[in-house]
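Reader: Hi! Could you walk me through a couple of residues in this model? I'll keep my questions short.

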Amino acid sequence: PLVHDTTRGRTEKETEAKTNKEAETEAATEAEEEKKELPDKAEYTFNNATGEKVTEIKLVDNTSKKVVEDLKDGLEDGKTVKVSIDKDSSITDKTSYTLTFTTKSGYKAEYKTLGFEVATIKLISEDAKSGATPIEFEK
């Protein structure tokens, strides 16, 4: 049975349809806002918290499979290194990278969904992982 909504003179179904339309419009607006402005360059600050030397840090573009950064000098435990990637026409809000790092003892870790962003990332040991992720984002 249709119940009449006396406040607006619409039936429940009409009110529901309007509410759904409003929700769709709000969701579209939120999605547009979420398409955040990309920085002019991505900057990743890597902190080695693995407890040993990281022998290599590599960033690979997930679309082109091109190696965009390869730090073969590694990173001593407790040290920090900053990596920058300049924005060019190929970079969009869908651009992502796979970060891999290897430690002196042979532990190899991978994080597959690093966006084009400015972030401070702590590289953690296998023992320090709380789940499958070998990194922690720091504020």
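Reader: Let's start with Asp-88. Where is Asp-88 found?

Author: Happy to help! Keep in mind that this is a predicted model. Asp-88 is found in the loop between β6 and β7. Strand β6 covers 80–86, and β7 covers 96–103.

Reader: Thanks. Is Asp-88 buried, partly exposed or exposed?

Author: Asp-88 is partly exposed, because its relative accessibility is 43%, and that class lies between the 20% limit for buried and the 50% limit for exposed.

Reader: Nice. Which side chain does Asp-88 join in a polar contact?

Author: That would be Ser-90: a polar contact of 2.5 Å links the two side chains.

Reader: And what about charge on the surface, which residues gather with Asp-88 in a patch?

Author: Glu-37, Asp-40 and Asp-86 do, and together with Asp-88 they form a patch of negative charge on the surface.

Reader: I'm curious about Lys-41 too. What separation is there between the C-alpha atoms of Asp-88 and Lys-41?

Author: Those C-alpha atoms are separated by 8.9 Å, while the two residues are 47 residues apart along the chain.

Reader: Great, switching topic. Where does Thr-98 lie, and is Thr-98 buried or exposed?

Author: Thr-98 lies in strand β7. Thr-98 counts as buried because its relative accessibility is 12%, and buried means under 20%.

Reader: Which side chain does Thr-98 make a polar contact with?

Author: Thr-98 pairs with Asn-62, side chain to side chain, in a polar contact of 2.5 Å.

Reader: Perfect, thanks a lot!

Key:
Residues are numbered from 1 along each chain as its sequence is written. This is a predicted model: local features need pLDDT of at least 70, side-chain atom pairs count only at pLDDT 80 or more; totals for chains, interfaces and linings use all residues. Side-chain values use heavy atoms; hydrogens and water are left out. Helices (H or I, at least four residues) and strands (E, at least two) are DSSP runs, numbered from the N terminus. A polar contact is a pair of N or O atoms within 3.5 Å; within protein, one must be able to donate a hydrogen and the other to accept it, and residues adjacent in sequence count only if both atoms are side-chain atoms. Patches are made of residues with over 30% relative accessible area and no salt bridge: like charges are joined within 9 Å, nonpolar side chains (Val, Leu, Ile, Met, Phe, Trp, Tyr) within 5 Å. Accessible areas come from the Shrake-Rupley method with a 1.4 Å probe; for residues, only the protein chains shown count as cover. A salt bridge is a side-chain nitrogen of Lys or Arg within 4 Å of a carboxyl oxygen of Asp or Glu. Lys and Arg count as positive and Asp and Glu as negative; His and the chain ends are not counted. The place of a charge is taken as NZ of Lys, CZ of Arg, CG of Asp or CD of Glu. Buried means under 20% relative accessible area, exposed over 50%, partly exposed in between (1.4 Å probe, protein chains only).
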